[in-house]
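Morning, everyone. I have one model to show you today. Please look at the screen while I talk.

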Amino acid sequence: MNRLVIAAPASGSGKTTVATGLMAALRRTGSRVAPFKVGPDYIDPGYHSLATGRPGRNLDPVMVGEHRVPGLFAHGSKGCDIAVVEGVMGLFDGRIDTAGLGSTAHVAKLIGAPVLFVVDARGQSRSLAALLHGFRGYDPTVRLGGVILNQVGSERHEQVLRSACDEVGLDVLGVLPRDPQFSLPSRHLGLVTAAEHGAEAVAAVDAIAAAVAKHVDLDGVRRLASVPAMAVAAWEPQVERVPSEPVVAVAGGAAFTFGYAEHVEVLKAAGAAVAVLDPLHDEELPEGTAGLVLPGGFPEQHAEALSANAPLRAAVARFARSGAPVHAECGGLLYLARSLDGHPMCGVIDAEGFMTPKLTLGYRDAVASAGSPLHAPGSRVTGHEFHRTQLSTPHSDPPAWQWRGVDSRPVAEGFAFGGVHASYLHTHPAGDPEAVARFVRACHPFVAGVADGTVLV
């Protein structure tokens, strides 16, 4: 598999713009492009999917374990000619207080991919040579194979920057001029999701693709990406299948876009019939629903519309009260609350949600405090929090999770009662596919026609 990683010295350098534009430009020359994002991000993969016509996928050694990353990469690359992996933050930035665990450099080494380095050239001159020399020499096992100069101000500026790259022996494979149209819309947690941006997102990707096709040496990029194949088996969701084929409704649409492609794949592998539900528009749960998944997203941006759909809110509340399995993460947790920024929600959880100026962000090593359709008590996971909202009541008793905070004090978070497991913590199904299979098994007694009350465990 031809492959390369798009990295940068720091956040804000233009990785997403370059990676998305490069994916789209390569696709338009006839290449089948596999898109990936390093880390737990949900937003960038939506734009990658627009650019390539394939599911955007994540490669996160912290969430899934580094041993699974090559297999997940091979799984997502099936049937493609080239894989483009967008990095996270700066090249060597990984989980805090580790030696770069989960960094772009870490993933590049795990999949044997060269790095195409994107540099924001504003304010840069010959000192660019020192910056590139430092990044290339910091870890010589990471192959820095070329540079794309972003935000270049003039022809003279370009000449000076090219000379700096020549000094350290790195090829310049692209020069993008300063232009406000080469960007994607942003908000408090990053970019506006592609699903919300709609036709404007498509237009933005088209503009970026045209710029990359004009200003980047695509043949040079292909040569850089041409590396020896890896001998690795593609990841497959190996879980026991439930024969009853329970219908699992998975919320989607503009309000619930934070999900991993592997989640649906594991649900199906475990025997579920997956039905997509849009809480902004659908007034009923899909026929025969035996389990409900409410992923994350930006419900705070759609609180009024979600609240206005009273029939579905009532249906979700009835479903949860029946004891059927409900798995809610972050945005889904807020949807289950009594209210969100004053707008009535489903009322399954006795708490009110509201926006705050504080960003809660980071990986968590969590232990399940209570049994649920997903986890047995004492189960351990590594997940990720990413939100600016809070709940008036942060957890049930017992909570869904407990972990150690930065000051080593115990933190209790989330709700686990009846068939409900709701939490701010995002988890990756490839890191624990058995939890997804356990959820599908818990749906079995709620399948229409299953009259004996058998519970599969």
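I'll go from the whole chain to its strands, then to the helices, and finish with some loop residues.

Keep in mind that this is a predicted model. The protein chain has 15 helices and 21 strands. Its radius of gyration is 23 Å, close to the 23 Å that the globule rule gives for 457 residues, so the chain is as compact as a globular protein of that length. Along the principal axes, the C-alpha trace spans about 75 × 45 × 45 Å.

How much of the chain is buried? Buried residues make up 57% of the 457. The exposed surface of the chain comes to about 18,300 Å², and carbon and sulfur atoms supply 51% of that. Now the contacts. Take those with a separation of 6 or more: residues 24 or more positions apart account for 75% of them.

On to the strands. Start with E4, residues 82-86. Five of its five residues are buried. Which residues cover which face? Ile 82, Val 84 and Glu 86 sit on one side, Ala 83 and Val 85 on the other, and all are buried. Note the glutamate in that list: Glu 86 is buried too.

E4 pairs with E1, residues 2-7, in parallel, through five bridges. Arg 3 has Ala 83 of E4 as its bridge partner. E4 also pairs with E2, residues 33-38, again parallel and through five bridges. There, Val 33 is partnered by Ile 82.

Next, E16, residues 349-368. What does E16 pair with? One partner is E14, residues 337-340, running parallel over three bridges. Ala 337 stands opposite Ile 349 in that pairing. Another is E17, residues 380-391, which runs antiparallel to E16 and is joined to it by 11 bridges. Ala 366 faces Val 381 there. E18, residues 401-404, is also antiparallel to E16, over two bridges. Ala 368 of E16 has Trp 401 of E18 as its bridge partner.

Between E17 and E18 there is a loop, and Pro 398 lies in it. Look at the peptide bond from Asp 397 to Pro 398. That bond is cis, with omega about 5 degrees.

Now the helices. H4 covers residues 69-77, and nine of its nine residues are buried, so H4 is largely enclosed by the rest of the structure. The buried set includes Leu 72, Phe 73 and His 75. Just after H4 comes Gly 79, with a positive phi of about 80 degrees.

H7 reads another way. It has 13 residues, 155-167; at 1.5 Å a residue they should span 18 Å, and the end C-alpha atoms are 19 Å apart, which agrees. Which residues of H7 are buried? His 157, Leu 161, Ala 164 and Cys 165. They cover an arc of only 100 degrees around the axis, which puts them on the same side of H7. Why does that spacing work? An α-helix has 3.6 residues a turn, so residues three or four places apart point the same way.

On the other side of H7, Glu 155, Arg 156 and Asp 166 are exposed. What do the buried residues pack against? Helix H6, strand E6 and strand E7. After H7 comes Gly 169, with a positive phi near 75 degrees.

H6 and E6 are linked by a loop that holds Asp 139. Is Asp 139 buried or exposed? Its relative accessibility is 17%, so Asp 139 counts as buried, the cut-off being under 20%. Leaving aside residues up to four places away in sequence, Asp 139 touches Phe 92 and Lys 109. For scale, take Asp 139 and Ala 275, 136 residues apart along the chain: their C-alpha atoms are separated by 46 Å.

Last, backbone angles. Glu 245 is not a glycine, yet its phi is positive, about 50 degrees. Glu 245 lies in the loop between H10 and E10. At 47% relative accessibility, Glu 245 counts as partly exposed.

Asp 341 also has a positive phi of about 50 degrees, and is not a glycine either. Its place is in the loop between E14 and E15. With a relative accessible area of 36%, Asp 341 is partly exposed.

That's it from me. Questions, please.

Technical notes:
Residues numbered from 1 in each chain as written. Predicted model: local features only at pLDDT ≥ 70, side-chain atom pairs only at ≥ 80, totals over all residues. Heavy atoms only, no water. Helix = DSSP H or I, 4+ residues; strand = E, 2+ residues; numbered from the N terminus. Expected span 1.5 Å × (residues − 1). Buried < 20%, exposed > 50% of the residue type's maximum accessible area, 1.4 Å probe, protein only. Arc of directions from axis to C-beta. Contact = heavy atoms within 4.5 Å. Rg over C-alpha atoms; globule rule 2.2 N^0.38 Å. Areas by Shrake-Rupley, 256 points an atom, 1.4 Å probe, with all protein chains shown as cover. Pairing = 2+ DSSP bridges.
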